[in-house]
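Colleague: Could you take a close look at the salt bridges of this model, with attention to where the partners lie and how far each one is covered? Please explain the reasoning as you go.

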Amino acid sequence: MDVPVIVVGAGPSGLVLAAELRLGGVEVIVLDKLEKPSGESRGLGFTARAVELFDQRGLLPGFGENLEMAPIGHFGGILVDYTQLEGAHFGARGIPQAKTEEVLIAWATDLGADIRRGWEVVGVTDDGAGVDVEAETPEGRQTLRGRYVVACDGGRSTVRKLIGFDFPGTPSTIEMYLADVAGLDLPARHIGEKVPGGMIMNAPLGEGVERIIAAERGNGPRERTGPPTYDEVAACWERLSGQSIAHGTASWVSSFGDATHQVTEYRKGNVLIVGDAAHTHLPAGGQGLSVSVQDSFNLGWKLAATVRGWAPPELLDTYHAERHPVGQRLLMTTRAQGMLYLGGSEIEPLRNVFKELLEYSEAARHLIGMVTGFEVHYDAGSGTHPLLGNRVPKQDLVGTGGKTTTTELLHSGRGVLLDFTDHPDLRAVAAPWSDRIDIVTALPHELSPASPLAGVTAVLVRPDGYAAWVEPDAEGEALSSALNRWFGKPR
């Protein structure tokens, strides 16, 4: 074996996975066909749950001091106040994907990930004992062998095709244009604007550059050997808006569609699949990058534990069990948003019904949970406490070591047993797992009565921030059982 894990693709999902593996003590090589990061920014931020996960690893300062969280967002162009759900927001806005990748590259490389650029994968063979990866490199064709390979190589994934992952779905019905353009000075349309012929959106990126998106109904997908020209984008914009942007200067131009596909299984033997390689969809509401990195945060600690030898036999299989349903809902919500946003007059009755429904707090909170990622729930075993299997929110804590937060306790990528009542018996039970989890006694500071932590006396938190055991829970399993389920046999 050259390395335990080979990750194919150095986009956000691949970089997060590499860093998580390094936090778990596992060597990893990341291969990417580009000789350097493209600098292109299809994504312009990430959702609230992705913000939390980046915070759990101490990454938010890398995005700058003025990270803007948008309290108001939309669903398919219908405005929604995201503050109706405690701790929620639409996400971090105005962060080019190139900046996100810059932060993640620094994180992964600082942790020791080996990122090899200019390596284009052309062959993948899983013989059951390991996986051989062939790649064209600046030094010629080379072969690496790993125990596991993870495909993080995007919507046109080479690994997915070579291994034969089944990828059913629906083809694109529209071609939408995207460009970053200088010299326009247009009034901002952060969430876009429906116009008679389709939809237009523009948002300032700083330094006089604006992101332009134009979607024209009837503009069907076409076969291309390269990106569209800026003249095509400008002509489409003028047809939709009546404004000329022909005088602008585009730094890059691209197009995308509304194709919707998902692999039927997230693991085939020793090959796993993550992010856009596993699910493609209309980039509606900034969910693409966010759900992709959540895949990586879910898989990373499990794969590291498997390589290190302390994972329970079934732990790695929970990756598919937990994340495939999330991908299904992602495709459902993005298709619904596409219909609402890009549909013509025939969709107006449906839009009006949505507007009425979103005036009801319960309906709005349900939809907000769906889009932010706050609704994600995993099967954490027996028990009925509402926090079990759900995210543990950020909460200020005061302990013997001073002030901290639930997110700071997860910076190391280890599990955490949080003891809120100074319970020595609980700590004694958890002690044999102290090589894999941190045992912390602390009190919540200014806990909101509406917080999911209200009334909780102890909680076992997985490395990805989800509650694996909660006390009190009359129907819950013993702490030792939960520790065995998620962290293997004690040392």
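Modeller: E348 is partly exposed, with a relative accessible area of 28%. This value, like the others below, comes from a predicted model. The salt-bridge partner of E348 is R351, and the closest N and O atoms of the two are 3.6 Å apart. R351 has a relative accessibility of 7% and therefore counts as buried, the limit being under 20%. Both residues belong to helix α8 (residues 348–357); because they are three residues apart there, about one helical turn separates them.

This pair is one of 32 salt bridges found in a search of the whole structure. Two others involve strand β15. In the first of these, D180 and R211 form a salt bridge whose closest N and O atoms are 2.5 Å apart. D180 belongs to strand β12 and R211 to strand β15, so this salt bridge ties together parts that are 31 residues apart in sequence. D180 counts as buried because its relative accessibility is 6%, and R211, with a relative accessible area of 1%, is buried as well.

The second joins the side chains of R239 and E216, with an N to O distance of 2.7 Å. Here too distant parts of the chain are linked: R239 lies in helix α5 (residues 230–241) and E216 in strand β15, 23 residues apart. R239 counts as exposed because its relative accessibility is 53%, whereas E216, at 16%, counts as buried.

The setting of strand β15 deserves a description of its own. The strand spans residues 209–216, and seven of its eight residues are buried. Strand β12 (residues 176–182) pairs with β15 in the antiparallel sense over seven bridges; within β12, the residue to note is D180, given its salt bridge with R211. Y177 stands opposite A214 of β15. Strand β14 (residues 198–206) also runs antiparallel to β15, and eight bridges join the two. M201 has I213 in β15 as its bridge partner. A hairpin is formed by β14 and β15, with two residues between them, and E207 in the turn has a positive phi of about 55°.

Finally, some salt bridges are connected to one another: E175, R222, R224 and E232 are linked in a network.

Notes. Residues numbered from 1 in each chain as written. Predicted model: local features only at pLDDT ≥ 70, side-chain atom pairs only at ≥ 80, totals over all residues. Heavy atoms only, no water. Buried < 20%, exposed > 50% of the residue type's maximum accessible area, 1.4 Å probe, protein only. Helix = DSSP H or I, 4+ residues; strand = E, 2+ residues; numbered from the N terminus. Pairing = 2+ DSSP bridges. Salt bridge = Lys/Arg side-chain N within 4 Å of Asp/Glu carboxyl O.
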